[in-house]
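Trainee: I should like to request a close look at a single part of this model, with its surroundings described as far as they bear on it.

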Amino acid sequence: MNALRHLTFAAGLALAPVDAGGAQPEGWQALADERAVIRIADAIDRAVDAQDWKLARSYFADRVAVDFSTLSGQPPATIASDDLIGTWAANLKGSKTSLHLRTNHQAAIEGDAATVLSNGYAWNRMEGNGDPLWEVWGTYEHHLTRSGAGWKVDGFTFRMTHERGNPWVKATPGR
């Protein structure tokens, strides 16, 4: 069984793209770290879409540098993660649903710091004022730091590239 595990690992490295975001992972720990930070970026989306705010909060350090300026018009800031999650929870609740998708992850890990870049798409749906959909496309950047509690997001940026749909859905909290 051990030989099969090593063969699978070697095959995975051999079949990996030559340029997978800059540097090739070396060894089991590097692959595990890469998978862990990508999993966290994806898990945040699943928690938000499920409106599981306690779970969403668990992926963040106590404070987070956020930059949603291209989406909200607000300047970048470092805020309490509880405030970030509270803002999301106040907007995405009840009658307002969301779907977040992310792809083309590139993870770079240097010691106890990691950055995950990805492309993203999200939609919000809420009945009540014309077209019930609002959609957005862009790129995400998650910065994570490893501590005794594991990997935690301490930097989160979304750069909008396109949006369409009803701006009322974007701006109006769910009921």
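Trainee: In which sense do strand 1 and strand 2 pair, and over how many bridges? Please start there and go on to helix 5 and the aromatic residues around it.

Mentor: Strand 1 and strand 2 pair in the antiparallel sense, over four bridges. Within this pairing, alanine 65 stands opposite threonine 78 of strand 2. Please keep in mind throughout that the model is predicted.

Strand 1 also pairs with strand 6, in the parallel sense and over four bridges. There, phenylalanine 60 has valine 153 of strand 6 as its bridge partner. Strand 6 is in turn joined to strand 5 by 14 bridges, and these two strands run antiparallel. A hairpin of two residues makes the connection from strand 5 to strand 6, and arginine 146 has tryptophan 151 in strand 6 as its bridge partner. Strand 5 is further joined to strand 4 (residues 113–125) by 13 bridges, again with the strands antiparallel. One bridge between them pairs threonine 115 with histidine 143 of strand 5.

These strands belong to a chain of six helices and six strands, whose order along the sequence is α-α-α-β-α-β-α-β-β-β-β-α. Of the contacts between residues at least 6 apart in sequence, 58% join residues at least 24 apart. Of the 175 residues, 33% are buried.

Now to helix 5. Which of its residues are buried? They are Ser81, Leu84, Ile85 and Trp88. Their directions span an arc of only 90° around the axis, and therefore they lie on the same side of helix 5. This agrees with a general property: an α-helix has 3.6 residues a turn, so residues three or four places apart point the same way. The face turned away from the buried side of helix 5 carries the exposed residues Asp82 and Thr87. The cover over the buried residues of helix 5 includes helix 2 (27–49), helix 3 (53–58), strand 1 (60–67), strand 2 (77–80) and strand 6. Both strands of your question are thus included in that cover.

Among the buried residues of helix 5, tryptophan 88 leads on to the aromatic residues. Its relative accessibility is 17%, and it counts as buried because the cut-off is under 20%. With ring centres within 6.5 Å taken as the criterion for a pair, the count is seven aromatic pairs. One of these is formed by tryptophan 88 and phenylalanine 156, with 5.9 Å centre to centre and 80° between the planes, an edge-to-face arrangement. Tryptophan 88 belongs to helix 5 (residues 81–91) and phenylalanine 156 to strand 6 (residues 150–165), so this pair ties together parts that are 68 residues apart in sequence.

Phenylalanine 156 is itself buried, at a relative accessible area of 3%. Its ring also pairs with that of tyrosine 140: the centres are 5.9 Å apart and the planes meet at 15°, so this pair is stacked. Here tyrosine 140 lies in strand 5 (residues 133–147) and phenylalanine 156 in strand 6, with their positions 16 residues apart in the sequence, and the pair links distant parts of the chain. Tyrosine 140 and phenylalanine 156 are both buried.

The two pairs belong to a wider group, since Phe60, Phe68, Trp88, Tyr140, Phe156 and Phe158 form one aromatic cluster. Phe60 in this cluster is the residue that has valine 153 as its bridge partner in strand 6. The ring of tyrosine 140 has a further neighbour: the charged end of arginine 102 sits over it, 4.0 Å from the ring centre.

Two backbone features complete the description. Most residues other than glycine have a negative phi. Glutamine 51 has a positive phi, near 55°, and is found in the loop between helix 2 and helix 3. At a relative accessible area of 27%, glutamine 51 is partly exposed. Asparagine 104, likewise not a glycine, has a positive phi of about 55°. Asparagine 104 lies in strand 3 (residues 97–110) and counts as exposed, at 52% relative accessibility.

Definitions and conventions:
Residues numbered from 1 in each chain as written. Predicted model: local features only at pLDDT ≥ 70, side-chain atom pairs only at ≥ 80, totals over all residues. Heavy atoms only, no water. Phe/Tyr/Trp six-rings, centres within 6.5 Å; stacked < 30°, edge-to-face > 60°. Buried < 20%, exposed > 50% of the residue type's maximum accessible area, 1.4 Å probe, protein only. Lys NZ or Arg CZ within 6 Å of the ring centre and 35° of its normal. Arc of directions from axis to C-beta. Contact = heavy atoms within 4.5 Å. Pairing = 2+ DSSP bridges.
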